[in-house]
Amino acid sequence: MEIEEAREVRTTCPYCGVGCGVLAKVAADGQVSVRGDPDHPANFGRLCSKGSALAETIDLDGRLLHPEIHGRRAGWNEALDLVASTFSQTIAEHGPDAVAFYVSGQLLTEDYYVANKLMKGFVGSANIDTNSRLCMASSVAGHRRAFGSDTVPGTYEDLELADLIVLVGSNLAWCHPVLYQRIAAAREKRPEIKIVLVDPRRTMTADIADMHLAIAPDGDVALFTGLLAWLGQHNALNRAYITAHTTGFGQALFAASALDLAGVAAATGLSEDELGRFYSLFAATPKTVTVYSQGVNQSSSGTDKVNAIINCHLATGRIGRPGTGPFSVTGQPNAMGGREVGGMANMLAAHMEIENPEHRDRVQRFWNAPAVARKPGLKAVEMFQAVADGRIKALWIMATNPVDSMPDADAVEAAIKACPFVVVSDVLARTDTVRHAHVRLPAAAWGEKDGTVTNSERRISRQRVFLAVPGEARPDWRIIAEVGKRMGFGAAFAHETPAEVFAEHAALSGFENDGARDFDIGAYAGIDGEDYDALVPFQWPAPKPAEGAQAAGGSSSSRFFADGNFYTSDRKARFIAIRPTTEIRTSPDFPLILNTGRVRDHWHTMTRTGKSPRLSQHIAEPFVEIHPADAARQGIGDADIVRVSSLRGEVLVRALVTPRQRQGSLFAPMHWTDQFAATGRLDTLTAPLTDPVSGQPALKHVAARVETFAAK
Ligand code: SF4
């Protein structure tokens, strides 16, 4: 695409799952500036600090600009031939499950679609998983258990319409700042909106909360099963809704009643008075939205937490109506788009299921594919374990940095180093993962490629080109398609433009969709390049053509579950019977619980935000938050350098002694790597412990100890 200078291009922020619209302008001298898109329905012109600093992060310093093989510059043909032939040979010798793709919520939907198609339809394995497994897999699993589909019922507008917003394990003020701004603005207009924060830490989000419940780590299942039991005891159920639209209530209530209020208080670390006030407020407020993110998802009981929350909404009929609903907000910019294309090891495509023979048949016919995967593949943690034990012999990592971001990161790095063939496609030349690749493929970055992303409220928006592609970089979808062609699947990967990929993705979503699946953007199946260029943000379920699929604002005319029908065989939602449990992983050697997460102005492993001096001013170095009583016990003073260790490793960071931290717990940000601070990588401390249903790692509950630097 030719770049027009001094013209504003509508695009979408590449950071978090809020999915804000951005207007990017390239001046005649090449300077780029950004501002919030006033017409984008996610942000209406707002941007947070990260979004506002986007123009500071797009220089070419550190970019991978040419393909490399074993560290030497290579041509595209040589590199692509080597990738294709090695994957083909590995499959021929060891079978399709000997290869794997590890992809990313940073990919655009078109990239994700082509990668998933190649692996599931043409390689014939489901060994494609994503770093979104670390982000929202428990929500996906919880939705599927309750609704029969991975459907997020909520919209951002619901946050403004609710009378009570319960934020669970979600520091919106720092991690989804524009949503926080929308809530704050709504409360300015309607001061009667009540906000409850459920979080072990008194995060910045607590500043807006009427009630902060400093819950014990992983106490959420007990809190919400306790709420269900309390609603039953206090005649606060919507019996008519339960009878008409759900099944399994009796078993769920029985299981939830395993703890009395005193038991819930013990399991959550909250007082009976705090519980009573929260439960009464919930019972008395019909328009309630419960927002949750990583504090719920990143847990060994993550899926049960999600279903414990959903159970309470089903029991009160608070779903499918404005200002109500459970609402999972995603971390990554395109975690939702990855779910739509089935870019996870246990999903197929267009919200179809691998285990369902009819779905497999449908996808196989649509793709004219030789071998659609018949069983789920390896989820992220399992995938790197399979790399370590030699089952995976060829691995392609796209747009992510697992050496720094996966749990038990040292073991992941050792596995990648030992893997016979590793391909990494990335925008950067020297991340901790890229340096172990046998083949490095330069990918186009934000602003250099066209495509779509889907945000947390199911809104599909365009990312658009406004920068020239540097060096020999290419969009990911094109790189993957070229490999597919060289593996002998030319006809299936003959797309020439991202618009063609999107049109095929849309057509598959509508293909023989008889209403039994939620994801359907089939109205866009025939979209051409011109309409794709002009595509306005729209939510799915996509409006049918008669309703104005291309209408500005593109909002759906229907609300999920408004009619009380779900995507199960009998169209009823499922209560899930969950027994409250308390997990204790601490020991005398590791008596504290380490919680990992984000700070306001950095993103993931800082490969982009680390370039902005302005963003680094907010918090300049890694730290560990510790309660004053725990610090005093160890003789630790504020700003001391301390050693944080777990069974798996140790890091050196500065202590931040603060009563905002819960006693017995620690918090440390995940962003800093060896590249930015020579103190060790935080994810070398975390364990590969996962939720048994979703496979999501428990990154917020690591048994740890902290001691002064000198104390070893
Ligand atoms: Fe970008 Fe998220 Fe900030 Fe919006 S809230 S500008 S999507 S980082």
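Which classes of residue make up the shell around the ligand? By class, nine residues are nonpolar, four are polar and one is charged. That shell is a good place to enter this structure. Keep in mind throughout that the model is predicted.

Start with the residues themselves. The ligand is surrounded by 14 residues. C13, C16, C20, C48 and G51 are the closest. Two elements each give two or more residues to this shell: α1, at 49–52, and α7, at 177–189. Now step back to the domains. Domain 1 (7–57) contributes residues to the shell, and domain 3 (137–329) does too, so the ligand lies between them.

How far can the model be trusted? The mean pLDDT of the protein is 93. A pLDDT of 70 or more is reached by 95% of its residues. Two stretches call for care. Residues 1–5 have a pLDDT below 50, and beyond near neighbours in sequence this stretch has seven contacts in the model. Residues 546–554 also fall below 50, and here the model shows 18 contacts beyond near neighbours in sequence. Where pLDDT is low, the predicted coordinates should not be read in detail. For the model overall, ipTM is 1.00 and pTM is 0.95.

Next, the domain layout. The assignment gives domain 1 (7–57), domain 2 (68–133 + 335–495), domain 3 (137–329) and domain 4 (592–708). Domain 2 is thus written as two segments, 68–133 and 335–495.

Domain 2 also touches domain 4. Taken over C-alpha atoms, their centres are 30 Å apart. Domain 2 puts 16 residues into the contact, and domain 4 puts in 18 residues. On the domain 2 side, the elements giving two or more residues are α17 (380–388), α18 (402–405) and α19 (409–418). Of the elements on this side, α17 gives the most, with three residues. What is the makeup of this side of domain 2 by class? It divides into six nonpolar, three polar and seven charged residues.

Follow α17 away from that contact. The helix lies across three strands: β6 (99–103), β7 and β14 (394–398). Its direction is at about 135° to β6. Those strands belong to an open sheet of seven, with the order β5-β4-β16-β15-β14-β6-β7 and mixed pairing. Why do β5 and β7 each have a side without a neighbour in the sheet? β5 (72–73) and β7 (128–130) stand at the edges, and each has a single partner strand, so one side is left without a neighbour.

Further into the strand order, β15 (residues 421–426) pairs with β16 (residues 439–442). The pairing is parallel and runs over four bridges. One residue pair to look for is V424, whose bridge partner in β16 is R440.

Just past β14, look at the loop between β14 and α18, where A399 is found. A399 has a positive phi of about 60°, although it is not a glycine.

A second open sheet has three strands. The order is β17-β18-β19, with antiparallel pairing. Here β17 (451–454) and β19 (538–539) are the edge strands; each has a single partner strand, so one side of each is left without a neighbour in the sheet. β18 (residues 459–463) and β19 pair in the antiparallel sense over two bridges. To locate this pairing, find R459; its bridge partner in β19 is Q539.

The last stop is a peptide bond. W540 and P541 are joined by a cis peptide bond, with omega about 10°. P541 sits in the loop between β19 and β20 (573–574).

Note on methods: Residues are numbered from 1 along each chain as its sequence is written. This is a predicted model: local features need pLDDT of at least 70, side-chain atom pairs count only at pLDDT 80 or more; totals for chains, interfaces and linings use all residues. Two strands pair if DSSP finds at least two bridges between them. A residue is near a molecule or strand if its C-beta atom, placed from the backbone, lies within 6 Å of it. Ala, Val, Leu, Ile, Met, Phe, Trp, Tyr, Cys and Pro count as nonpolar, Asp, Glu, Lys and Arg as charged, and the others, Gly among them, as polar. Domain bounds come from an automatic or database domain assignment. pLDDT is the predictor's confidence in each residue, from 0 to 100. Two residues are in contact if their C-beta atoms, placed from the backbone, lie within 7 Å. Axes are lines fitted to C-alpha atoms, for helices over the stretch in contact, and angles run from 0 to 180 degrees between N-to-C directions.
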